[in-house]
Amino acid sequence: MAELPVNPRQGRLEGRLSAMAFIFMATVPSVSYAAVEKGELVVRIKRDHLLHFFELLRDHPSYRFEQLMDLCGVDYPERPQRFEVVYNLLSVTHNHRIRVIVQTDEVTPVPSVHHLWPCATWWERECYDLFGVVFSGQPDMRRILTDNGFEGHPLRKDFPLTGYEQVRYDVERRQVVKEPVSLTQDFRDFDFVSPWEGMLTLPGDEKAHEVRQGMKRSG
């Protein structure tokens, strides 16, 4: 079988990213890992040196990562530093991307980058709300997706999947209230027939329906 032709442009891009990974590992002591994974540069860095590294990525003419595309969290409960904060940056000038990963635990804050990329406030609030990661220097450390009276962080791996209380805003009392949830056990454990299993037979599918129901006569 003939091999597919290599895209020269893609090859040049991966070459530039590989060169950047080598430079970071050789010249930035706080970088513990830098490599090209599936065509994208991935860098792991120590939390205390995060801001200095980001200033380098944003301002150095060889990198020019002008945009923070998003910031998200990942939870590994079995690790001492259970959370990873992942930053995805884009260089419009050079048309390449980088993923920067930093680790932290439940109590140690991560430096906020909102002064480097103002859009980071939205992402940092979301990461705090869903994972409980705190960002030092962030002036607006409020929840953003859940209610102000919500307890816990929904995207943690140990967050309970079912509960017996719901939180809502009471218009008359003008405050967030908690109240019991009344669910039958079948719905709480999702122990019921799925919509696909309970769906009526479609026109033209009568024979398949008979087979499913064990009603197909032999011979």
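A residue is counted as exposed when its relative accessible area is over 50%, and as buried when that area is under 20%. In the predicted model described here, Asp158 is exposed because its relative accessible area is 51%. This residue belongs to a set of charged side chains that is treated below, after the overall architecture and the nonpolar core.

The chain contains six helices and nine strands. Of its 219 residues, 31% are buried. Contacts between parts of the chain that lie far apart in sequence are well represented: among contacts joining residues at least 6 apart, 48% join residues at least 24 apart.

In soluble globular proteins, nonpolar side chains tend to be buried together. In the present model, the largest nonpolar core comprises 36 residues. Phe24, Phe53, Phe54, Leu57, Tyr87, Ile98 and Val100 are the residues with the most contacts inside this core. Two or more core residues are contributed by each of the helices α1 (8–27), α2 (50–59) and α3 (120–131), and likewise by each of the strands β1 (31–37), β2 (40–45), β3 (67–75), β4 (83–91) and β5 (96–104). The greatest contribution, five residues, is that of α1. The surroundings of Ile98 illustrate the packing. Beyond residues up to four places away in sequence, Ile98 touches Phe24, Glu40, Leu41, Val43, Leu57, Phe65, Tyr87, Asn88 and Leu89. Among these partners, Phe24, Leu57 and Tyr87 also appear in the list of core residues with the most contacts.

Strand β4 also carries Val85. With a relative accessible area of 0%, Val85 is therefore buried. When neighbours within four places in sequence are set aside, the contacts of Val85 are Leu71, Cys72, Val100, Ile101, Val102, Val110, Val133 and Phe135. The C-alpha atom of Val85 is 6.3 Å from that of Gln103, although the two residues are 18 apart along the chain.

The loop between β4 and β5 contains His94. This histidine is partly exposed, because its relative accessibility of 26% is neither under 20% nor over 50%. Apart from residues up to four places away in sequence, His94 touches Arg16, Pro61, Ser62, Tyr63 and Arg64. Between His94 and Arg64, which are 30 residues apart along the chain, the C-alpha separation is 7.3 Å.

Side chains of opposite charge can pair when their charged atoms come close. Twelve salt bridges are found in the whole structure. Arg82 takes part in a salt bridge with Asp75, with an N to O distance of 2.7 Å, and both of these residues are buried. A second salt bridge joins Arg82 to Asp158, where the closest N and O atoms are 3.5 Å apart. This pair links distant parts of the chain, since Arg82 lies in the loop between β3 and β4 whereas Asp158 lies in the loop between β7 (135–136) and β8 (165–170), 76 residues apart. The two partners contrast in accessibility: Arg82 is buried, with a relative accessible area of 6%, whereas Asp158 is exposed at 51%. Asp75, Arg82, Glu106, Arg156 and Asp158 are linked in a network of salt bridges. A further salt bridge is formed by Glu84 and Arg79, with 3.0 Å between the closest N and O atoms. Here Glu84 is buried because its relative accessible area is 4%, while Arg79, at 31% relative accessibility, counts as partly exposed.

The largest pocket encloses about 320 Å³ of space. Its lining consists of Phe150, Glu151, Phe159, Pro160, Leu161, Thr162, Gly163, Tyr164, Glu165, Val167 and Lys178. By residue class, this lining divides into six nonpolar, two polar and three charged residues.

Backbone geometry was also examined for positive phi values outside glycine. Lys38 has a phi near 55° and is placed in the loop between β1 and β2. Arg174, likewise not a glycine, has a positive phi of about 60° and is found in the loop between β8 and β9 (175–180). Lys38 counts as exposed at 89% relative accessibility, and Arg174 counts as exposed at 71%.

Key
Residues numbered from 1 in each chain as written. Predicted model: local features only at pLDDT ≥ 70, side-chain atom pairs only at ≥ 80, totals over all residues. Heavy atoms only, no water. Core = buried A, V, L, I, M, F, W, Y, C linked by side-chain atoms within 4.5 Å. Buried < 20%, exposed > 50% of the residue type's maximum accessible area, 1.4 Å probe, protein only. Helix = DSSP H or I, 4+ residues; strand = E, 2+ residues; numbered from the N terminus. Contact = heavy atoms within 4.5 Å. 1 Å grid on protein atoms, 1.4 Å probe; cavity = no way out; pocket = protein on both sides within 12 Å on 5 of 7 lines; lining within 4 Å. Points joined across faces, edges and corners; volume = space filled by probe spheres on them. Nonpolar A, V, L, I, M, F, W, Y, C, P; charged D, E, K, R; others polar. Salt bridge = Lys/Arg side-chain N within 4 Å of Asp/Glu carboxyl O.
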